[in-house]
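This report goes through a single protein chain, from its overall make-up to its strands, cores and loops. Please keep the sequence and the structure open while reading.

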Amino acid sequence: MPDNIYENLKNNIRQKAKAGSGFGNRQKSKVRGRPKPSRNVPPGDQERIDIVSTLRSAAPWQKLRKQQLKLSKNIILLDGGIGQEIYKRAHSPDSHTLWSLKIMIDNPDLVIKVHQDFIASGARVLSLNNYAATPSRLKKIGMYSSFGEMHQVAIKLLKLAIDKSPISRADIKVAGSLPPLVASYTSHDERPHKDLYDEYISLIDQQINDVDLFLAETLSSTKEILAVTDALQFYSLKKYISLTLDDKSPLKLRSGELLMDAVKLLKDRCADVILINCSRPETVSIALPILKNSGIVFGAYANGFSSVEKLEPGKN
């Protein structure tokens with residue numbers, strides 16, 4: 001510690017006191033115990049400075065730092081867009097139907113590495129790479145017979161990634177995927193409630209023994225919300241529900257229904273977590289206050305691109 005620190009602090013206090021602002025805590029040298037409160041007068045020759053308290057009072061960011069640390073303990077990081085990251089690293093010239101599933105067979109090491117990198121980046125909720133493996137999508141391209149296999153491969157690759165990471169399995173949550181059944185970014189699934197419910201039941205059956213939770217994500221309508229929450233309720237599972245919003249009308253689902261009404265429905269259905277995903281960051285920022293005011297645990301993971309208008313339904 002510099003020899004002149006005492007004199008510097010003392011002079012500092014005198015200058016602050018003359019300027020009319022309280023600064024530092026000091027006590028008479030004969031007094032033991034707590035420092036006396038700050039005063040708008042310079043210290044006398046018989047007074048000494050409580051250096052620790054002075055330094056603390058001179059660093060108001062300490063309180064903010066403590067608040068940030070406390071808040072950070074309540075923040076859980078999810079992984080990012082697995083499919084988009086895999087596609088980018090695969091250097092695929094064209095996106096084709098269910099390419100994110102095909103690559104698990106053609107290049108499993110790439111998928112494992114993507115999972116590992118998300119773990120290394122701090123993600124502690126990791127999603128299976130089975131977003132596109134719904135019965136409806138697989139039937140559309142004549143791959144329904146591979147329904148079970150696709151899910152098992154996704155489970156195997158994520159397990160391998162976790163095993164190869166320095167993070168304990170106990171510190172990671174594996175999330176099964178309950179996506180839109182036909183296509184993302186559209187609410188045009190005209191089937192009755194029971195058909196959607198039955199398909200979500202089949203998706204849960206394929207994953208339930210190997211995951212810690214289910215993330216129902218990119219839901220565009222209350223119709224999807226009703227079907228997936230009924231399926232989760234059948235198994236008495238927690239309801240982690242993520243909605244996608246209309247980027248042109250950020251307070252609406254892509255179906256045109258109000259976000260506020262969807263949140264009310266989720267409260268009535270005892271949702272455990274409400275999130276927003278597959279929407280522009282600006283859209284998320286506008287909509288988050290509604291989630292925050294719901295009193296339910298909330299969060300978001302936005303798109304990494306600016307528009308979904310050119311995407312072809314069923315290929316994402």
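Buried means under 20% relative accessible area, exposed means over 50%, and partly exposed lies in between (1.4 Å probe, protein chains only). The model is predicted: local features need a pLDDT of at least 70, side-chain atom pairs count only at pLDDT 80 or more, and totals for chains, interfaces and linings use all residues. Residues are numbered from 1 along each chain as its sequence is written, and side-chain values use heavy atoms, with hydrogens and water left out.

**Overall make-up**

pLDDT is the predictor's confidence in each residue, from 0 to 100. It averages 83 over the protein chain, and 72% of the residues score at least 70. Over residues 21-31 pLDDT stays under 50, and there the model has 40 contacts beyond four places in sequence; contact means heavy atoms within 4.5 Å.

The chain has twelve helices and ten strands. Helices (H or I, at least four residues) and strands (E, at least two) are DSSP runs, numbered from the N terminus. Of the 316 residues, 43% count as buried. Among contacts with a separation of 6 or more, 70% join residues 24 or more positions apart. The accessible surface comes to about 17,500 Å², with 54% of it belonging to carbon and sulfur atoms; accessible areas come from the Shrake-Rupley method with a 1.4 Å probe, and for residues only the protein chains shown count as cover.

**Paired strands**

Two strands pair if DSSP finds at least two bridges between them. The table lists four parallel pairs.

| Strand pair | Bridges | Opposite residues |
|---|---|---|
| Strand 4 (residues 173-178) and strand 5 | four | Gly 176 and Phe 214 |
| Strand 5 and strand 6 | three | Leu 215 and Tyr 240 |
| Strand 6 (residues 240-243) and strand 9 | four | Leu 243 and Ile 276 |
| Strand 9 and strand 10 (residues 297-301) | five | Leu 275 and Gly 299 |

The chain crosses from strand 9 through helix 12 to strand 10 in a right-handed β-α-β crossover. A crossover is right-handed if, with the strands pointing away from the viewer, the path from the first strand over the helix to the second runs clockwise. Strand 4, helix 9 (residues 193-207) and strand 5 also make a right-handed β-α-β unit, as do strand 5, helix 10 (residues 222-234) and strand 6.

Strand 5 (residues 213-219) is largely enclosed by the rest of the structure, because seven of its seven residues are buried. Strand 9 is likewise largely enclosed, because five of its five residues are buried. From strand 9, Val 273, Leu 275 and Asn 277 point one way, and Ile 274 and Ile 276 the other way.

**Cores**

A nonpolar core is a set of buried Ala, Val, Leu, Ile, Met, Phe, Trp, Tyr and Cys residues joined through side-chain atoms within 4.5 Å. The largest one has 65 residues, and those with the most contacts inside it are Leu 178, Tyr 200, Leu 243 and Leu 259. Helix 8 (residues 147-164) gives the largest share of this core, nine residues. A second, separate core of seven residues includes Val 125, Leu 213, Leu 215 and Val 273.

Beyond four places in sequence, the contacts of Leu 178 include Tyr 200, Phe 214, Leu 219 and Leu 232.

Ile 162 lies in helix 8 and is buried, at a relative accessible area of 5%. Leaving out residues up to four places away in sequence, Ile 162 touches Ile 119, Leu 126, Ile 167, Arg 169, Ile 172 and Val 174. The C-alpha atoms of Ile 162 and Ile 172 are separated by 8.4 Å, the two residues being ten apart along the chain.

In helix 4 (residues 82-90), Ile 82, Glu 85, Ile 86 and Tyr 87 are buried. The buried residues of this helix pack against helix 5 (99-106), helix 6 (108-120) and strand 3 (125-127).

**Positive phi**

His 91, just after helix 4, takes a positive phi of about 55°. Two cysteines have positive values as well. Cys 270, in the loop between helix 11 (259-268) and strand 9 (273-277), has a phi near 60°. Cys 278 has a phi of about 50° and sits in the loop between strand 9 and helix 12 (281-292).

Which of these two cysteines is buried and which is exposed? Cys 270 is exposed, with a relative accessible area of 53%, whereas Cys 278 counts as buried at 16%.
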